[in-house]
Amino acid sequence: MPDLTSNCAAIVSPNPFWLASAPPTNSGAQIMRAFDAGWGGAVWKTLGQPIQNVSSRFGAIRWKGASGVGFNNIELITDRPLETNFREIAEVKKRFPKNAVIVSLMVETREEWKEIIARSIDAGADGLELNFGCPHGMCERGMGSAVGQEPKVNERITSWAREFSTIPVLVKLTPNVGDIRPHGLAAKRGGAHGVSLINTIKSIIGVDLDRMVPMPRVGGASTNGGYCGAAVRPIALHMVAALAREPGFGIPISGIGGITNWRDAVEFMVLGAANVQVCTEVMLRGYRIVEDMIEGTSSWMRERGFQRLDDFIGSAVPAYTEWGDLDLNYETVAKIDASTCIGCQLCMVACHDGAHQCIHPSPDPAVRVPVVDEAECVGCNLCQIVCPVPGCIDLVPVENGFSPATWNDHVHGGAALRPKKGAH
Amino acid sequence: MEPLPEDRAEAVFEDYKLPYGDAQAVVEATRCLYCFDAPCIKACPTGIDIPEFIRKIATGNVEGSARTIFSSNILGMSCARVCPVEVLCVGDCVYNHLEVPPIQIGRLQRYATDKAYAAGWRFFEAGPDTGRSVGLIGAGPASLAAAHELRRMGHRVVIYERRDVLGGLNSTGVAPYKMKSDRALDEVAWVLGIGGVEVRTGVRVPEDVSYDALERAHDAVFIGVGLGADRLLALPGADLAGVRGAVAWIEEMKLGPTVAPRRAVVIGGGNTAVDAVRELVGVGVAEVTLAYRGDESRMSGYAHEWDAAKKSGVRALWSATPTAFLPGPGGAVAGVRFTRPDGVVDVPADLVLLAIGQEKLGDRFAALDGITIDGGTIVVSTGGATGRPRWYAGGDCANGGKEVVNAVAEGRDAARAIHLALTGGS
Ligand SMILES: Cc1cc2nc3c(=O)[nH]c(=O)nc-3n(C[C@H](O)[C@H](O)[C@H](O)COP(=O)(O)OP(=O)(O)OC[C@H]3O[C@@H](n4cnc5c(N)ncnc54)[C@H](O)[C@@H]3O)c2cc1C
Ligand SMILES: Cc1cc2nc3c(=O)[nH]c(=O)nc-3n(C[C@H](O)[C@H](O)[C@H](O)COP(=O)(O)O)c2cc1C
Ligand code: SF4
Ligand code: SF4
Ligand code: SF4
């Protein structure tokens, strides 16, 4: 059996699967059930001065029958008394000494940070996560993403936390910025042991057209909320990878955003995350999803011959480069496997209206398998994306006689480029 | 085990529920709602965690999916094919309430378990030897499930089987359009692959090994003998050639060649009768009639199976009580005489199959003090305990005749009860 033991910024857990700070980590009783189900760690629902929440709080995108493909919330931090939270943290650590409990925090003044950190450490926390990410409500009060969007403030508060803390400090970053790197670097300068990302993305999930009120509706009004769930995964993957390959960054990343199963988790880790956190998928389906995450990751590691997480963490990062370093002479064309094609011709309409007009009907009107004009096909893979049959359309490399050449090679060294296709 | 003959009549049958390819399986698995405390689980006698195994197919974790199935039901491969899912798991899928087609749980289970067999994934090992030994009578689904569970817990296991073919009715009785006998034997080999199960074939209990001998050799005994021979009708002409028990004919058709007659009549209205008529059509009998003493609404055979039989061209004769088998030339049967509300009818036939139930075998255990028999069925309490210490029973001989999946559940649960009894609760 591969070893799934995870170490993120010296916070050790039996596996790399943590619950993100959110409703699934609201209380000790919940977190204990989650640990029983197999979760390796949990980031406690953000503690601070308890707030008052609204109803309703959540909205979701339903796409072709599946609910919650994208999810949004206008919930704030914990609404439970701090004493209760700290008592429960101590109970959880006592019953589950091997599982990681990270306490998420959000307060304002230096004094408040000092006090809440001391109480978290007293309660037995294994690490702290500074919530600089919440994009609604709290930022109007100068906290959450208001901090995460200002590298100077981020750095200052992080350094306070470092000063007061004897346990590892993670900074949870907001994706509501143009470029994530200065914010990761600010946390690092402040002394963070690691960063967590992403928090939710500013959003309006929809509008109630009968009432003319955006959703989620609170009486006669609504506000912008935080977007998360499967739909945000590409954004999160990019931000994680952008920091992972940033020279001079080099501190551990706890990857979050749209993770639904073991495969998603592994994708985050190969792009540089030391571990992962999950919120929405657990809200939608329960703690039980972790069984497949553990098992699927283990099987994949066994197939690949990986013994431990470090054997593959970050292994796809080197292949993430600048556009200017991609090989322009690498050429592919679409090939349709006639034996599995079901004749829906979605590839044809997509190519005709959305790409390069090079998939055509078969000359035989009785045959519904389309034909690719390989001389015109630019290898964009739109057809492969719309094809409902896995493996039916393959993008096959073409030997065109040109040696590899990137845009940078071409501009700076005059390297020869293959003739353009589909550009008349 | 001897290899099965190549020229088995069952070879002509195609699967009536085709296997899923990867794309189909993922599409169907993605449709499952992953219900909590799911009704489909409750409807499965072995309690497979159906939402979990289906979700794992959707995430590409097929190995984990198979593990989930086999950890509740080690005969999950055959159950995927032979279970009457329409009245079990699939019948209780919540999609039925939405009037949307329910999830094809059996086909998804087949997908995952077939992959496990093809890939050679193994999930279970024999436990450390406890030095205790259990004797199992019969090598049907009940005993096989019990044997596997007992080996996991480290007990020694000996199976006594009167036939040469292992697997019980899964090998000799199940309709070949669900599963053929070679696939049933693949499963036997897979289950016994846990190692350490001693199988003695051609041994009939108690004729060849006495109850005393079993009690001396073992710390506990499990009875999994299933049901007995077909019940026959004591009517004039009952000994004419071509008047046969349906289960006996099915066994012959599955395990060897058969000569298809021109016209056949099957007497009965249960599942064996419904299987038999479809099988007769399949092996090439031109005219097949099902004759039942009640009407269609009183048939005990599953409606979905009977609908399929009707589609294949089977004729039905309702409210028909047989009174005689009619002789033809050379001592062979030529037809059956029925009385019906509107008079007497003679139906010509060269083969008459009686599918009116099987004998119960419980009585052969009546000699054992403490074991209670009720109408031929062995009376058991939870965990399969009989009234005699160290004797357990499960499957058709203890439930009166249900499905493979019930036999598996009862065999597994008896093994767990035996384990508790032998280890004093550890
Ligand atoms: C024609 C037919 C079709 C069926 N189709 C289906 C189906 O599609 N799906 C489904 O779920 N169920 C089906 N069933 C029911 C199913 O086969 C049984 O419920 C199941 O096989 C019971 O398992 P078992 O282990 O209790 O008994 P069996 O499968 O009957 O196995 C008992 C074993 O014990 C052996 N034995 C008997 N007496 C002795 C003895 N004295 N000493 C040693 N060995 C002995 C027998 O040879 C046999 O191998 C069908 C049954 C029949 C008759
Ligand atoms: C209802 C809800 C409440 C949340 N509350 C918090 C919070 O208190 N603190 C925090 O750091 N993040 C909070 N988050 C953000 C999540 O921890 C996580 O970063 C985000 O949802 C992205 O992950 P996901 O796609 O797996 O949901 C919340 C998210 C949701 C949906
Ligand atoms: S999920 Fe629970 S708390 Fe939320 S609205 Fe429904 S019943 Fe109320
Ligand atoms: S999209 Fe795929 S299945 Fe449909 S016509 Fe094109 S190749 Fe065939
Ligand atoms: S009841 Fe149907 S939808 Fe729900 S878990 Fe079972 S198979 Fe899936």
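The following exercises, each with a worked solution, concern a predicted model with chains A and B.

**Exercise 1. Characterise the overall fold of chain A: its secondary structure, its compactness and its dimensions.**

Step 1. Begin with the secondary structure: chain A contains 13 helices and 20 strands.

Step 2. Compare the radius of gyration with the globule rule. The value for chain A is 24 Å, and the rule gives 22 Å for 424 residues; the two are close, so chain A is as compact as a globular protein of that length.

Step 3. Add the dimensions. Along the principal axes, the C-alpha atoms of chain A occupy a box of roughly 75 × 55 × 45 Å.

**Exercise 2. Describe the burial, contacts, surface and charges of chain A.**

Step 1. Of the 424 residues in chain A, 52% are classed as buried.

Step 2. Consider the contacts between residues at least 6 apart in sequence: 71% of them link residues at least 24 apart.

Step 3. Turn to the surface. Chain A has an accessible surface of about 19,000 Å², and carbon and sulfur atoms account for 54% of that area.

Step 4. For the charges, take the mean position of the 38 positive ones and that of the 44 negative ones; in chain A these two points are 6 Å apart.

**Exercise 3. State the domain assignments of chains A and B, and describe how the assigned domains are placed.**

Step 1. In chain A, the assignment places residues 6–319 in domain 1 and residues 326–413 in domain 2. The C-alpha centres of these two domains of chain A are 40 Å apart.

Step 2. In chain B, the assignment gives domain 1 (9–119), domain 2 (133–226 + 361–423) and domain 3 (230–358). Domain 2 of chain B is thus written as two segments, 133–226 and 361–423.

Step 3. Examine domains 1 and 2 of chain B as a pair. Their centres, taken over C-alpha atoms, are separated by 26 Å. Across this pair, 25 residues of domain 1 of chain B are in contact with 26 residues of domain 2 of chain B.

**Exercise 4. Locate the cis peptide bonds at A:Ser56 and A:Ile198.**

Step 1. A:Ser55 and A:Ser56 are joined by a cis peptide bond with omega of about 0 degrees. A:Ser56 belongs to the loop between β4 (41–47) and β5 (58–63) of chain A.

Step 2. A cis peptide bond also joins A:Leu197 and A:Ile198, with omega of about 15 degrees. In chain A, the loop between β10 (194–197) and β11 (201–203) holds A:Ile198.

**Exercise 5. Assess the positive phi values of A:Met212 and A:Gln357, and classify the accessibility of each residue.**

Step 1. A:Met212 is a residue other than glycine with a positive phi, near 60 degrees. Its place is the loop between β12 (206–208) and β13 (213–215) of chain A. Since exposed means over 50%, the relative accessibility of 65% makes A:Met212 exposed.

Step 2. A:Gln357, likewise not a glycine, has a positive phi near 50 degrees. This residue is in the loop between α11 (346–354) and β18 (359–360) of chain A. With a relative accessible area of 42%, A:Gln357 is partly exposed.

**Exercise 6. Explain why helix α12 of chain B counts as largely enclosed, and identify elements that cover its buried residues.**

Step 1. Helix α12 of chain B comprises residues 246–255; seven of these ten residues are buried, so the helix is largely enclosed by the rest of the structure.

Step 2. The buried residues are B:Ala246, B:Val247, B:Trp249, B:Ile250, B:Met253, B:Lys254 and B:Leu255.

Step 3. Their cover includes the helices α9 (169–172), α10 (181–192) and α13 (271–282) of chain B, together with the strands β5 (243–245) and β12 (351–354) of chain B.

Conventions: Residues are numbered from 1 along each chain as its sequence is written. Chains are lettered from A and ligands numbered from 1 in the order in which they are written. This is a predicted model: local features need pLDDT of at least 70, side-chain atom pairs count only at pLDDT 80 or more; totals for chains, interfaces and linings use all residues. Side-chain values use heavy atoms; hydrogens and water are left out. Helices (H or I, at least four residues) and strands (E, at least two) are DSSP runs, numbered from the N terminus. The radius of gyration is taken over C-alpha atoms; the globule rule is 2.2 Å times the number of residues to the power 0.38. Buried means under 20% relative accessible area, exposed over 50%, partly exposed in between (1.4 Å probe, protein chains only). Contact means heavy atoms within 4.5 Å. Accessible areas come from the Shrake-Rupley method with a 1.4 Å probe; for residues, only the protein chains shown count as cover. Lys and Arg count as positive and Asp and Glu as negative; His and the chain ends are not counted. The place of a charge is taken as NZ of Lys, CZ of Arg, CG of Asp or CD of Glu. Domain bounds come from an automatic or database domain assignment.
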